[in-house]
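Biologist: I have not looked at this one before. Can you put it on screen and take me through it?

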Amino acid sequence: MLFNSFEFFLFLPIVLMLYWSLKRDFKKQNIILLAASYFFYGWWDIRFLFLIATTTVVDYNAALIIQYGMTTFKQRVLSIIFLVVSAILFGLINWKNEVAWGIVQNGILVFTFLLSVLIYLLPLIVDWFKVISKDKIALSLSIISNLTILGCFKYFNFFVDSFSNLSLLLFGIEPSVITLTIILPVGISFYTFQSMSYSIDVYRGQLKASKSLFDYAAYLSFFPQLVAGPIERGKTFLPQFQRIRNIENGGVKLGLWLIAFGLFKKIVIADNLSIFVNTVFSPYDNGELITTPENGLMVLLAIYAFAFQIYADFSGYADIARGTAKLFGFQLMINFRLPYIATNPSDFWRRWHISLSSWLRDYLYIPLGGSRGGTFKTYRNLFLTMLLGGLWHGASITFVLWGAYQGTILILYRLFGVESAGEQSKPVMKVLHVIWMFHLVCLGWLIFRAQNVQTIYLFLEAIFTNLFIDQAVIDGVSILTFYLIPLLVYQILQIKYKTLYPQKVMAAIPNFHIWFFTIMSILALSSKLSSEFIYFAF
Amino acid sequence: MIKLLKLTLLIAYIAVLAEVFIRFLNPVPILPRYVSATDYGIRGNTQNADYQHVTEEYKINVKINSKGVRSDKDIRYEKSEGVIRVVTLGDSFMLGYGAQLSETFLSQMSNSIVDKHNVEIVNLGVSGHGTAEELIVLREEGKKYDPDIVLLSWHGTDYADNIRSGLFNIMNGSLIQVNDSYLPAVKLREYLFSFKIYEFIASNSQLYSWLRELVSEMVKNSYEEISSYFEFQPKISEEDNRNNFSTEDKKNELAIHLLLEIKKEVDDIGAKFIVLDIPRFSSKTHFRSTFPDDVRLVDILVYNPITDFNHYNENILYWEKSDGHFTPIGNQIVGKALADILEKNKYLD
């Protein structure tokens with residue numbers, strides 16, 4: 001179900017009513033949230049729910065073993081019932097009347113049986129290993145299962161294709177390989193990372209394992225942030241499921257504002273800019289067009305437009321997620337802090353997709369050694385972290401290149417000792433740093449948006465060779481200006497008032513006009529070509 | 001009382017602000033639709049209406065005569081000796097939205113043949129009509145004019161309009177009229193237009209025009225969904241259901257049956273039939289036909305202006321920013337081509 005869909009605006013009030021009708025009983029509220037979240041996620045494809053149920057059961061049990069060295073009989077039986085019911089509802093019933101579903105049904109049957117046995121015997125199995133501690137075994141189980149699910153559903157075809165291409169390139173042999181048609185479940189990278197961080201946090205002693213399966217299942221599947229984050233940490237988010245929730249003072253107003261502003265960013269800015277971006281990029285997407293674009297200025301404008309499209313799209317989703325969560329009395333972390341005013345790459349990553357960059361820092365960069373092993377190792381760790389960060393976005397060579405590019409500019413800034421460039425500079429210098437950094441980010445967005453390496457080359461060639469002003473460029477500038485002015489004005493207010501929610505400190509009249517402009521824009525200026533959020537694919 | 005006054009002032013302020021917003025950031029054409037209920041249960045042009053259409057690209061006057069025909073004079077049903085009468089059926093394109101009366105393709109067509117033939121045109125086009133309503137107009141009004149030629153305009157929106165109106169359906173392979181009346185919001189419109197202030201707002205406010213389009217789009221979409229699901233779908237024959245007919249197939253099938261029925265009725269009165277297939281445009285140089293591609297329609301003479309448009313595509317042929325109807329140049333090309341086709345096919349002999 002999309003946030004910008006009619007169904008969602010029926011779904012949300014119904015769930016809110018049911019939820020708040022059980023005001024003091026947070027356990028029952030969690031059940032409502034779990035059911036609502038599964039309904040929300042199953043709206044795309046009900047079969048995806050079996051995957052999330054599997055992740056839930058495995059990590060719930062793994063964390064209990066890590067924390068207590070065992071699971072109780074009741075916890076195991078409940079986990080197995082949860083798994084079996086999920087298997088029946090979401091896997092064994094052939095909802096879509098798929099012809100070849102019988103094979104999948106058999107697979108699910110065998111998998112459910114084996115996993116149920118594993119869950120039941122897990123305390124015994126970890127006891128058999130005398131040399132390795134129980135918590136290490138359980139943590140390994142959690143990480144391996146999460147990475148396996150990601151690997152199978154997101155990267156299998158990519159690795160098989162890459163292996164095949166490499167073999168052809170090096171040895172001139174095309175090996176006989178199997179490529180399965182596997183649908184990419186929406187938001188799989190988000191919830192597997194969230195689930196993995198939970199087990200790791202329990203292992204590190206930063207969080208107590210949840211004894212309640214339903215609390216944990218509701219935490220992992222919480223629909224506002226399920227499909228595109230923020231990737232919440234167990235230590236800050238899970239406790240919110242284990243206590244009575246209240247809406248903070250002004251929370252409803254702020255929640256509704258975040259939803260409205262998120263929608264504005266998505267359907268007014270991102271969707272309208274996408275039309276312009278696609279006119280330049282789409283002809284090159286299938287890799288058949290091999291001529292340099294006529295006008296490099298158009299390419300440049302399209303890259304600028306994409307920079308704001310992806311920002312408005314993704315931060316718009318994050319705003320709606322935060323706003324919706326607030327209406328349920330939950331606090332989600334802030335995922336974007338004005339990323340395009342960053343003055344250097346490190347600053348950018350403290351502002352862009354904060355939940356992912358901090359996840360990569362805490363669970364990848366630091367475990368790899370961080371900056372503790374000397375210059376070379378620091379650079380190596382930075383590069384690897386960003387490379388895997390790129391791969392997290394999808395199984396494509398352009399995402400890998402994008403990750404490598406981000407790693408490289410981080411290293412280069414450190415190499416030249418300017419990793420904090422611009423942060424303490426005078427205003428004029430700071431502006432110059434911001435402009436330079438924005439262009440570095442845009443080069444990254446070219447790599448990110450291009451569907452193949454050839455497009456990157458052709459577009460760069462156009463930018464450095466064919467620049468001229470024509471009517472298309474003037475139209476492009478008008479489109480960009482029209483949609484970006486309101487966003488920039490609001491960001492100036494955010495900077496001026498030093499808060500992401502400037503209306504809080506503004507007088508009633510300007511506040512009213514901001515609301516009016518936002519609502520009218522959503523109604524009158526939204527794109528007719530509504531699309532899914534870009535980050536749903538990751 | 002003071003609270004009520006404050007609320008009224010607030011609403012008025014919001015309305016003014018919204019009007020300013022729309023005018024500056026999302027200008028919309030002001031195209032008030034003057035339609036009323038006819039005696040035969042569907043919409044017709046409001047008799048003796050005289051109004052303006054204003055957009056950022058053009059401003060035109062529309063005058064409707066006492067019989068609901070876009071014309072600056074009344075036309076008697078009885079045909080004078082030696083007159084070749086062309087009765088036209090269609091939607092806003094046929095009515096001539098976007099063009100002064102002298103610039104419409106019907107006027108252009110008439111001008112091109114007036115030297116050789118005594119032609120009289122009766123334009124029965126009504127904005128919003130689909131093929132289903134056009135069939136009823138032909139039966140109830142068109143035949144009274146004793147036409148020699150019937151010109152029907154086809155537009156891609158007819159597929160959905162035919163379903164939405166719910167006037168006809170296909171049962172066991174035959175076209176059946178299942179409803180006598182289709183008057184969407186006409187009574188409400190007539191009531192509202194009886195207030196001068198409402199008429200003023202409808203003729204001058206862009207906010208009103210925008211809101212009307214917004215609401216009408218929402219209602220249309222919902223109506224089509226509901227109509228298609230609850231009414232139209234079950235009435236398709238069992239055999240069709242077994243053949244997994246999609247909604248698109250059903251729209252297509254209904255359109256074909258309606259066109260064949262119109263052709264049959266025209267043949268029955270001994271008139272000649274021609275269809276103007278109005279192309280959809282996706283850009284200044286890209287046009288596509290939406291006319292049903294079916295062998296059963298092979299006997300119908302259809303004129304599609306895409307080839308002619310491609311010769312003149314350096315010109316602006318449709319009002320691209322406003323409402324997407326033909327510009328005077330677009331009308332001119334269509335009008336002249338229609339005249340040539342009528343001559344070539346000996347429709348005027």
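**Residues and chains**

Biologist: Start with A:Arg233. Is A:Arg233 buried or exposed?
Modeller: A:Arg233 counts as buried because its relative accessibility is 8%. Buried means under 20% relative accessible area, exposed means over 50%, and partly exposed is in between, with a 1.4 Å probe and protein chains only.

Biologist: What sort of model is this, and how are things numbered?
Modeller: It is a predicted model, where local features need pLDDT of at least 70, side-chain atom pairs count only at pLDDT 80 or more, and totals for chains, interfaces and linings use all residues, while side-chain values use heavy atoms and leave out hydrogens and water. Residues are numbered from 1 along each chain as its sequence is written, and chains are lettered from A and ligands numbered from 1 in the order in which they are written.

Biologist: Back to A:Arg233. Where is A:Arg233 in chain A?
Modeller: A:Arg233 sits in the loop between α8 (213-221) and α9 (234-241). Helices (H or I, at least four residues) and strands (E, at least two) are DSSP runs, numbered from the N terminus.

Biologist: Which side chain makes a polar contact with the side chain of A:Arg233?
Modeller: That of A:Asp362, at 2.9 Å. A polar contact is a pair of N or O atoms within 3.5 Å; within protein, one must be able to donate a hydrogen and the other to accept it, and residues adjacent in sequence count only if both atoms are side-chain atoms.

Biologist: What else does A:Arg233 touch?
Modeller: Leaving out residues up to four places away in sequence, the list includes A:Asp201, A:Tyr219, A:Trp359 and A:Tyr363. Contact here means heavy atoms within 4.5 Å.

Biologist: Zoom out. How many helices and strands are in chain A?
Modeller: Chain A has 19 helices and 0 strands. Its C-alpha atoms fill a box of roughly 70 × 70 × 55 Å along the principal axes.

Biologist: What is the radius of gyration of chain A?
Modeller: It is 24 Å, which agrees with a compact globule, because one of 538 residues would have a value near 24 Å. The radius is taken over C-alpha atoms, and the globule rule is 2.2 Å times the number of residues to the power 0.38.

Biologist: And chain B?
Modeller: Chain B has 12 helices and 13 strands. Its 349 residues would give a compact globule a radius of gyration near 20 Å, so the 21 Å of chain B agrees. The C-alpha trace of chain B spans about 75 × 55 × 40 Å along its principal axes.

Biologist: How much of each chain is buried?
Modeller: Buried residues make up 55% of the 538 residues in chain A and 51% of the 349 in chain B. As for surface, chain A exposes about 24,000 Å², with carbon and sulfur atoms supplying 70% of it. Chain B exposes about 17,100 Å², and carbon and sulfur atoms supply 53% of that. These areas come from the Shrake-Rupley method with a 1.4 Å probe; for residues, only the protein chains shown count as cover.

Biologist: How many charges does each chain have?
Modeller: Chain A has 39 positive and 27 negative charges, with mean positions 15 Å apart. Chain B has 38 positive and 50 negative charges, with mean positions 5 Å apart. Lys and Arg count as positive and Asp and Glu as negative, without His and the chain ends. Each charge is placed at NZ of Lys, CZ of Arg, CG of Asp or CD of Glu.

Biologist: New topic. What is the phi of A:His353?
Modeller: A:His353 has a positive phi of about 40 degrees, although it is not a glycine. Most residues other than glycine have a negative phi. A:His353 lies in the loop between α12 and α13 (354-365), and it is buried because its relative accessible area is 0%.

Biologist: What about B:Asn48, buried or exposed?
Modeller: B:Asn48 counts as exposed because its relative accessibility is 54%. B:Asn48 also has a positive phi, of about 60 degrees, and is in the loop between β2 (43-45) and β3 (50-54) of chain B.

Biologist: Last one: where is A:Thr343?
Modeller: A:Thr343 is in the loop between α11 (296-327) and α12 (345-349) of chain A. Its relative accessible area is 1%, so A:Thr343 is buried. The side chains of A:Thr343 and A:Asn344 form a polar contact of 3.3 Å.
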